[in-house]
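Thanks for making the time this morning. I would like to walk you through one chain, going from its surface to its sheet and then to its helices, so please keep the picture in view while I talk.

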Amino acid sequence: MQKESVTRSVVTEPAWVKVITVTGRVQGVWFRKNTLHQAQRRQLEGWVMNLDDGSVLVHVQGPKSRVEDLISWLWKGSPLSRVDELDITDAEPLVIKGFEIR
């Protein structure tokens with residue numbers, strides 16, 4: 001009896017990359033720290049930072065379903081925040097490991 005060699009190919013989903021500007025009461029309310037934890041829970045890559053105009057900028061990449069899930073969370077935000085608007089645009093992938101606060 002001959003042994004058959006079976007090769008399994010793993011199909012990886014291409015990264016879905018978005019830049020999101022979050023406006024509302026999103027600074028001084030632990031929004032970045034909570035975004036960091038939420039992105040890490042979803043094993044996403046990217047960063048989050050405050051902008052001078054009081055908004056928060058998020059650059060996130062990963063599987064589409066996980067990025068969409070984070071976007072849903074961003075609408076809710078941290079317990080003390082109030083999210084008024086998300087401006088979501090496509091972006092180029094980053095060479096980055098993990099998720100960080102900038």
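The chain exposes about 6,900 Å², and carbon and sulfur atoms supply 49% of that area, where accessible areas come from the Shrake-Rupley method with a 1.4 Å probe and, for residues, only the protein chains shown count as cover. Before going further I should say that this is a predicted model, in which local features need pLDDT of at least 70 and side-chain atom pairs count only at pLDDT 80 or more, while totals for chains, interfaces and linings use all residues. Residues are numbered from 1 along each chain as its sequence is written, and side-chain values use heavy atoms, with hydrogens and water left out.

Of the 102 residues in the chain, 36% are buried, and by buried I mean under 20% relative accessible area, with exposed meaning over 50% and partly exposed lying in between, for a 1.4 Å probe and protein chains only. If we take the contacts in the chain with a separation of 6 or more, residues 24 or more positions apart account for 76% of them, a contact being heavy atoms within 4.5 Å.

Turning to the elements, the chain has 2 helices and 5 strands, which run β-α-β-β-α-β-β from the N terminus on; helices (H or I, at least four residues) and strands (E, at least two) are DSSP runs, numbered from the N terminus.

In what order do the strands of the open sheet lie? The order is S4-S1-S3-S2-S5, an open sheet of 5 strands with mixed pairing, and two strands pair if DSSP finds at least two bridges between them. The edge strands are S4 and S5, the latter covering 99-101, and each of them pairs on one side only. From one strand to the next, the twist averages 15°; for angles and axes generally, axes are lines fitted to C-alpha atoms, for helices over the stretch in contact, and angles run from 0 to 180 degrees between N-to-C directions.

Taking the pairings one by one, S1 and S4 (residues 82-90) are antiparallel over 8 bridges, and within that pair Ile20 stands opposite Ile88 in S4. S1 also pairs with S3 in the antiparallel sense, over 7 bridges, and here Lys18 stands opposite Val60 in S3. S2 and S5, by contrast, run parallel and are joined by 3 bridges, with Glu100 in S5 as the bridge partner of Trp47.

One residue of S3 deserves a pause, namely His59, which lies in that strand, residues 56-62. Is His59 buried or exposed? His59 counts as buried because its relative accessibility is 6%. Leaving aside residues up to four places away in sequence, His59 touches a set of residues including Val17, Val19, Trp47, Leu94 and Phe99.

Now to the helices, beginning with H2 (residues 64-76), which lies across S1, S3 and S4 and runs at about 150° to S4. The buried residues of H1 are Phe31, Thr35, Leu36, Gln38 and Ala39, and they pack against S1, S2, S3, H2, S4 and S5.

How do the two helices meet? The axes of H1 and H2 come within 10 Å and cross at roughly 155°. That angle makes H1 roughly antiparallel to H2, since angles over 145 degrees count as roughly antiparallel, under 35 as roughly parallel, 65 to 115 as roughly perpendicular, and the rest as oblique. The contact is made by Phe31, Asn34, Thr35, Gln38 and Ala39 of H1, together with Leu70, Trp73 and Leu74 of H2.

Finally, I would draw your attention to two backbone angles. Trp30 lies in the loop between S1 (16-25) and H1 (31-41), and its phi is near 65°, a positive value in a residue other than glycine; Trp30 counts as exposed because its relative accessibility is 60%. Just after H1, Gln43 takes a positive phi of about 55°, in the loop between H1 and S2 (45-50), and Gln43 likewise counts as exposed, at 59% relative accessibility.
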